[in-house]
Amino acid sequence: MSHQAYLLFHHNLNFSSIEVEARSMVISRCYWPLLRLAEDLSLPLNIEFPAWTLEQIELLDPGYIRKLRNLVASGLVEIVGSGYAQLIGPLFPSELNTLNLWLGQDRYRQILGVVPKVALINEKAISGSLLDTYLDAGFERVVMEIDNVALAHQVNDKNEIRRFKFLNSASGKTIAVSWTDSIFFQKFQRVAHGVDTPDFYLRWLKEVLKNFSGPVPVYTNDIEVFNYRPGRFAEEAEIAETEWSLITQVLVATTSELDLGYSLLSELTHEQRLIDAAFTVNSLNYPIPVKKQPKYNLGRWSVSGRDDQAINTRMHRIIDVFKASPETFSESDKRLLCHLCASDFRTHITAKRWASYLNDLTYLEERSGISSFEDILDS
């Protein structure tokens, strides 16, 4: 085996542009084929869900949950955690981040019988204090994207960052890190969508591997883009009937032709050229690195969607009540609180889901004993 590698598939039924009635189709067309691929190829897979998404799958397709539990028990699949909801940690107070992670851990245990030790940082928006929150919730490793971290530190060769095994938290503790790379997952998507040929992809990957430090993040992104299209953008590729066949072909070739060995994240071993020193991801120039290109920043998940300023204001009023009197919130209220803070309500939310969101927000305001936002504006 010349290189260790890993695959991480992010599952999110709360995806902003997926309508409620399309969720069963997503499970059928995207989620099930991945489990079959793991079985057919005996391929170790890392699979991440916000716990809210697991709850929806359990309601819509209990058989999927049973199959997933079996694959986890067999050692083929590792569950990567991310909290109850996909909320952007640096935008919210520590009390809410703590609640979100602990609720998530509890639901993973109840639904799948496991408590994840590896966490995917939501939208890769990271701060030092947030790492302490992950440590307190029992996580031992985080998955972070390297691109904007390299930008933050003005590093041209990303291998200089990949060689670090650990990240520093704000308190001075350390947590293990696995680095992802947006170029890798975009290249993988292009071949799955038929834009690039498998041969072209394999030649590219072979060339990249000549100078690559650390485990190779072959794919580390959304699963809803395979054999389905969320429908956010006009330029989305047409669905090819062979997408899962292409994925299977490419993954088999990476092992047989490029000698990649796939692992679960918790079982990755580090090569000698990596160092034990811890790395600080944040800098004065870039205090909150996020994922992908420079155009992605913290503002994208705070004020780029439909009426974000108003819903953020309303949510923070509810959060203030929770911080003052957490005991007045029921378990279902706490879950709804985290769910309504999710990033997907602040990007490409559809009209029907927006109306439903506002109803849920008004309900939680009433449960929190605070006046509606509209009443305050009218007074």
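1. In this predicted model, helix α14 gives the most to the lining of the second largest pocket, with four residues. The space in the second largest pocket is about 160 Å³. Besides α14 (351-368), the elements that give two or more residues to the lining are α2 (51-60) and α13 (331-340).

2. The residues that line the second largest pocket include Arg353, Ser356, Tyr357 and Asp360. Trp52 and Gln56 are also in the lining, as are His339 and Leu340. The rest of the list is Asn14, Val20, Arg23 and Phe345.

3. By class, the lining of the second largest pocket is mixed: five residues are nonpolar, four are polar and three are charged. Arg23, Arg353 and Asp360 are among the lining residues, and arginine and aspartate count as charged.

4. How many disulfides does the structure hold? The number is zero. Cysteine 338 is in no disulfide, and the nearest cysteine sulfur to it belongs to cysteine 341, 6.7 Å away. Seen from the other side, the closest cysteine sulfur to that of cysteine 341 is in cysteine 338, and because the two are 6.7 Å apart they are too far for a bond. The cut-off for a disulfide is a pair of cysteine sulfur atoms within 2.5 Å.

5. Are these two cysteines buried or exposed? Cysteine 338 has 0% relative accessibility, so it counts as buried. Cysteine 341 has 1% relative accessibility and therefore counts as buried too. The cut-off here is under 20% relative accessible area.

Note on methods: Residues are numbered from 1 along each chain as its sequence is written. This is a predicted model: local features need pLDDT of at least 70, side-chain atom pairs count only at pLDDT 80 or more; totals for chains, interfaces and linings use all residues. Side-chain values use heavy atoms; hydrogens and water are left out. On a 1 Å grid over the protein atoms alone, a cavity is a set of points where a 1.4 Å probe fits but cannot get out, and a pocket is an open set with protein on both sides within 12 Å along at least five of seven lines; lining residues have an atom within 4 Å of a point. Grid points are joined across faces, edges and corners, and a volume is the space filled by probe spheres set on the points. Buried means under 20% relative accessible area, exposed over 50%, partly exposed in between (1.4 Å probe, protein chains only).
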